[in-house]
Amino acid sequence: MSQSSPIQPPKRTLNFFRWFCDPDILEDLEGDLVELFEERADNNLFKAKALFTRDVLLMLRPGIIKNFEGHKNLNTYGMLKNYLKSAWRNFLKHKSFSTINILSLSIGIAACMVIFLFIQDELSFDTFHTKKESIYRLNEVQSFPGTNTQNVALSMPGMGPTMTKEFPEIQNFTRFWNWKKQLVEKENKKIMVENIAGVDSTFFDIFDFKFLHGNSENALNNPNNAIISEEVAIKFFDRVDVLDETLVINGDHCIIKGVIENVPENSHLQFDIILSIRVATKNRPNFDAQFGSNSLNTYFVLNKSADLENMSSRYPQYLLKHMDEGINDLYKLYLQPLSEIHLSSTDIEHDYNNYRKFNGTYIDVFIMVAIFILLIASLNFMNLTTARASNRAKEVGVRKTIGAVKGQLFNQFIVESILMSMIALLVAVAIEVLSLPLLNHVIGRQLSILTFLDPQLIGITIGVTLIIGIMAGLYPSLYLSAFKPIIVLKGFKSYEKKSFFRSSLVVTQFSLALGMIICTLVVIQQLHYVKNKDVGFNKDHILLVDMNEEVNKNYDALKQALLKKSNVLGVTASSQRLGNNLHQWGFKLKRDSGVVSITPSNVYVDYDYLDVYGIELIEGRTFNNEFATDDGLAFIVNEAFVKEFGIENPIGQKVGHGWYHNDSLGSIIGVTKDFNFNSLHFAVNTLAMEVHSSWGYHEISIKINGENVSQALEDIENVYNQFVTDYPLSYEFLDSQFEEIYQSDQQMSSVITIIAALSILIGSMGLFGLASISVKRRIKEVGIRKVMGASKSEILLILSKSFALMILLSFIIATPFTYFFLSRWLDNFAYRIQINPLIFIAGGVFALVIALLTISFHVLKVASANPVKSLKYE
Amino acid sequence: MGKDTIGEFEEVVMLTVAVLYKDAYGISIKDEMEKRLKRTVNLGAMRIALKRLENKGFLTSEFGEVTAVRGGKRKRYYEVTPQGKKILEQIMQTRNELWKAIPSIAFDFKFS
């Protein structure tokens with residue numbers, strides 16, 4: 001074996017080995033390796049090389065890798081290691097302090113992450129449609145005489161087809177007609193399916209819902225085709241591949257032409273079964289040219305160059321073409337982009353197909369709150385680190401004496417700060433994982449930490465944490481690295497002065513926290529008000545039961561049987577449910593000058609409706625089935641109606657539906673006190689009620705005994721099943737309707753409450769740490785004061801004074817901003833509380849008490865200490 | 001492992017060094033151990049054991065001559081020190097005592 005032979009171990013591997021191997025053992029070990037290689041190379045050179053590499057890699061173990069620090073190598077690993085070591089030692093030396101520091105930042109970061117998840121969830125609505133940029137919903141602004149002007153999500157059946165023809169910008173349309181709950185049958189299985197809708201055949205071209213079976217293209221070509229969700233498929237067939245099976249839906253035999261994945265949570269359109277709209281319009285050949293009543297949603301796909309403003313200038317012309325003179329005084333059309341439907345529809349009424357509609361302005365509030373809490377947490381972090389600086393003064397002095405320059409010390413403290421913030425991030429993630437399930441329960445979401453697994457988000461999260469680390473470490477680092485060694489080593493005492501900077505940080509923190517506490521109190525108060533305001537009718541323990549033809553046929557008998565049950569306090573029925581805006585119908589009012597057309601809200605009810613709901617009459621009488629004219633010709637209106645039209649003697653006033661002949665109008669028999677049939681965000685609209693006993697109702701309202709709900713439900717079910725055989729009982733409580741309309745507000749309130757609690761917690765943690773330091777600093781002063789005869793309570797007062805002053809200052813700063821924000825929020829409600837100044841004071845006192853309690857731990861300790869101990873050393 | 005004790009692997013390494021006497025260097029120890037123990041020995045692990053034993057004073061070592069093979073690197077020859085011998089004897093003695101203390105019946109396996 002000569003040295004010139006090509007039999008040489010792989011050069012690169014060998015160099016690598018030489019690089020990492022401890023020089024003390026390098027020579028003989030390298031020799032051994034090479035010897036092994038040479039031995040093997042005689043047999044198989046390739047294999048020998050591979051084995052050599054393996055052997056070298058196996059050498060990567062502690063006893064063999066050289067020591068990469070210190071003088072042996074001219075790099076900074078050693079110093080970095082030292083920084084880490086001193087950071088770690090410092091951490092251990094001040095355990096409680098470091099824990100407070102890290103934990104408060106973690107809570108801040110965790111809260112921020114939750115808010116991010118929440119916002120991200122809201123913004124993800126309807127983003128899964130590929131045509132999302134060009135999909136619009138047709139909305140109307142209705143300004144009918146005698147009713148409040150309102151934005152309405154509904155449109156007329158004729159609008160979709162005709163507008164698509166007459167506006168070249170519109171490429172395609174689909175209508176979405178919500179048929180709500182329907183009876184679905186398969187042989188002897190009868191199940192009420194929640195959400196059934198009729199759409200045009202273009203529906204699946206416009207919206208992307210994922211087909212598991214079947215083809216989206218021709219899915220709805222036949223009027224009897226049905227597309228069902230996975231869930232429905234399993235409910236009826238226990239399997240998913242059910243193409244060409246038949247279901248009987250509301251009496252129509254429908255063939256399943258597609259099974260889709262359950263509609264995702266973040267879709268504003270929700271449905272279990274999609275049918276062709278034609279199934280309901282077989283006997284209405286004019287349906288596509290039908291104008292006048294608004295019953296469904298219309299969606300358009302516009303082409304890229306469409307100019308919304310230009311289009312809207314042509315709407316009046318269009319409306320005039322299809323409807324009567326004067327239509328443009330009543331209707332204005334506008335297109336709402338798909339992306340705004342979920343978040344910007346709070347001012348839109350009759351918005352029935354808008355799942356989990358959310359008030360988009362709350363998103364801004366949430367972003368603000370997230371920034372606030374992060375700010376509080378970072379300020380806290382900064383403040384505590386700076387406050388602790390005195391502990392590190394000696395270290396800085398020694399390091400400087402040995403030769404550290406300012407830049408190095410600056411780096412050291414920045415690295416430390418970054419390290420702490422990274423640990424905080426890890427803790428935050430842990431907090432998140434633990435608390436999300438609980439939170440999801442409170443706010444009714446399905447947020448998941450897994451959302452953060454996106455590489456971009458990971459980058460942003462770490463980046464933000466890094467920035468917090470740097471920002472929070474910046475001031476302490478500058479402050480610490482600027483210490484003069486001679487002064488700090490002589491004794492730090494002379495270096496101390498009151499830090500205006502630190503105090504102002506505390507004030508900022510507490511201003512934010514205080515603001516949030518006050519907001520929480522007011523928001524809770526308003527929601528409490530909304531929930532408990534006397535809406536003018538009884539909404540507790542009312543059971544709403546769906547009705548179909550069969551139930552209507554048997555309604556009278558069913559009602560009588562139900563009333564015999566002791567737990568049933570009343571039974572009535574109506575065409576619409578309270579708790580949203582009731583439909584407006586054309587109406588006539590006879591004046592001296594002639595008959596005027598108006599459009600109040602309208603609901604037709606059973607005779608005893610007012611009694612069951614406890615709606616108060618202020619004039620006249622309620623419906624009575626002994627008067628024949630009460631069926632169709634007697635109207636009960638509300639106060640708002642009387643006021644709006646300036647009717648002096650309402651009882652007997654001639655009124656009637658829009659289609660009644662002017663000579664055969666009915667009359668007003670009673671006036672009710674205004675009651676809030678709509679959400680309290682809106683003022684009470686004008687309303688007319690009447691009986692049309694032959695028309696059939698939509699829902700039975702059963703008032704039950706609140707103390708015996710389960711028994712009542714059982715009774716109702718038994719009675720119901722005696723009278724109705726083909727339509728399973730399905731009911732809901734009226735309360736849940738009301739909960740739904742304030743859901744957005746309720747969730748905002750939950751989030752704000754949690755955040756406010758967290759911000760005061762973080763603030764207190766900061767104050768706790770700060771108090772421990774500032775009190776310790778005054779320990780000698782306290783000693784002297786005690787020797788001179790100060791009592792314990794006097795000392796407590798002296799020590800607490802400066803903190804109390806800070807809180808007071810925070811209060812003064814926070815008040816105007818909070819007031820401004822709150823009054824804007826309350827303007828959202830037609831019925832709102834007045835902001836009570838006492839709330840501000842309560843919030844301030846609360847913050848003060850929390851702050852004093854926090855510092856009391858340290859203050860008491862110092863105040864009750866023996867002065868001898870503190871004065872012994874000089 | 002304490003300062004004055006050695007583990008099983010270290011014991012075997014020391015015994016092998018003793019067996020090889022003047023010819024105990026990295027590869028020869030490895031080969032000998034593999035031959036006798038019928039198992040593969042990792043060179044790195046062995047080298048660490050040798051270093052540790054040397055630090056404990058149970059082995060000494062010195063470099064050999066420069067040769068043309070091995071990439072021109074010198075071998076490091078190991079030798080057992082008197083202390084090393086003492087600890088090996090100690091271990092053997094403990095073992096023997098343990099063996100002697102085993103009642104004969106304990107290893108009397110019969111399959112009934």
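**Exercise 1. Which side chains meet in a salt bridge at 3.6 Å, N to O, with one partner in chain A and the other in chain B?**

Solution. The model is predicted: local features need pLDDT of at least 70, side-chain atom pairs count only at pLDDT 80 or more, and totals for chains, interfaces and linings use all residues. Residues are numbered from 1 along each chain as its sequence is written, chains are lettered from A and ligands numbered from 1 in the order in which they are written, and side-chain values use heavy atoms, with hydrogens and water left out.

Step 1. Apply the criterion: a salt bridge is a side-chain nitrogen of Lys or Arg within 4 Å of a carboxyl oxygen of Asp or Glu. The side chains of Asp22(A) and Lys51(B) satisfy this at 3.6 Å, N to O.

Step 2. Place the partners. Helices (H or I, at least four residues) and strands (E, at least two) are DSSP runs, numbered from the N terminus. Asp22(A) lies in the loop between helix 1 (11-20) and helix 2 (23-41) of chain A, and Lys51(B) lies in helix 3 (residues 43-56) of chain B, so the pair joins two chains.

Step 3. Assess accessibility, where buried means under 20% relative accessible area, exposed over 50%, and partly exposed in between (1.4 Å probe, protein chains only). Asp22(A) is buried at 15%, whereas Lys51(B) is partly exposed at 24%.

**Exercise 2. Describe the interface of chain A and chain B by its contacts, area and polar pairs.**

Solution. Step 1. Take contact as heavy atoms within 4.5 Å. By this criterion, 22 residues of chain A touch 23 residues of chain B.

Step 2. Consider the buried area, which is the accessible area (1.4 Å probe) that two parts lose on being put together, summed over both. For chain A and chain B this area is about 1,900 Å², and carbon and sulfur atoms give 56% of it. On the side of chain A, Glu27(A), Asp28(A) and Asp32(A) lose the most area to chain B, together 29% of what that side buries.

Step 3. Count the polar links. The rule finds 6 salt bridges across the interface of chain A and chain B; the structure holds 46 over all chains. Asp28(A) also meets Arg47(B) in a salt bridge, at 2.8 Å, N to O. A polar contact is a pair of N or O atoms within 3.5 Å; within protein, one must be able to donate a hydrogen and the other to accept it, and residues adjacent in sequence count only if both atoms are side-chain atoms. Across this interface, 11 residue pairs are in polar contact (both at pLDDT 80 or more).

Step 4. Identify the contributing element. Helix 2 of chain A gives the most to the side of chain A that touches chain B, with 14 residues.

**Exercise 3. Which salt bridges link distant parts of a single chain, and are their partners buried or exposed?**

Solution. Step 1. In chain A, Arg137(A) and Asp351(A) meet at 3.1 Å, N to O. Arg137(A) is in strand 1 (residues 135-142) and Asp351(A) in the loop between strand 14 (348-349) and helix 13 (361-387), 214 residues apart. Arg137(A) is buried at 0% relative accessibility, and Asp351(A) is buried at 12%.

Step 2. In chain B, Glu10(B) and Lys56(B) meet at 3.8 Å, N to O. Glu10(B) belongs to helix 1 (residues 8-20) and Lys56(B) to helix 3, 46 residues apart. Both residues are buried.

**Exercise 4. Characterise the overall form of chain B.**

Solution. Step 1. Chain B has 4 helices and 2 strands, in the order α-α-α-β-β-α from the N terminus.

Step 2. The radius of gyration is taken over C-alpha atoms, and the globule rule is 2.2 Å times the number of residues to the power 0.38. For chain B the radius is 17 Å, well over the 13 Å that the rule gives for 112 residues, so chain B is more spread out than a compact globule.

Step 3. Along the principal axes, the C-alpha atoms of chain B fill a box of roughly 65 × 30 × 25 Å. Buried residues make up 37% of the 112 residues.

**Exercise 5. Where do His350(A) and Lys38(B) lie?**

Solution. Step 1. Most residues other than glycine have a negative phi. His350(A), however, has a positive phi of about 50°, and Lys38(B) has one of about 55°.

Step 2. His350(A) is in the loop between strand 14 and helix 13 of chain A and is buried at 6% relative accessible area. Lys38(B) is in the loop between helix 2 (26-37) and helix 3 of chain B and is exposed at 71%.
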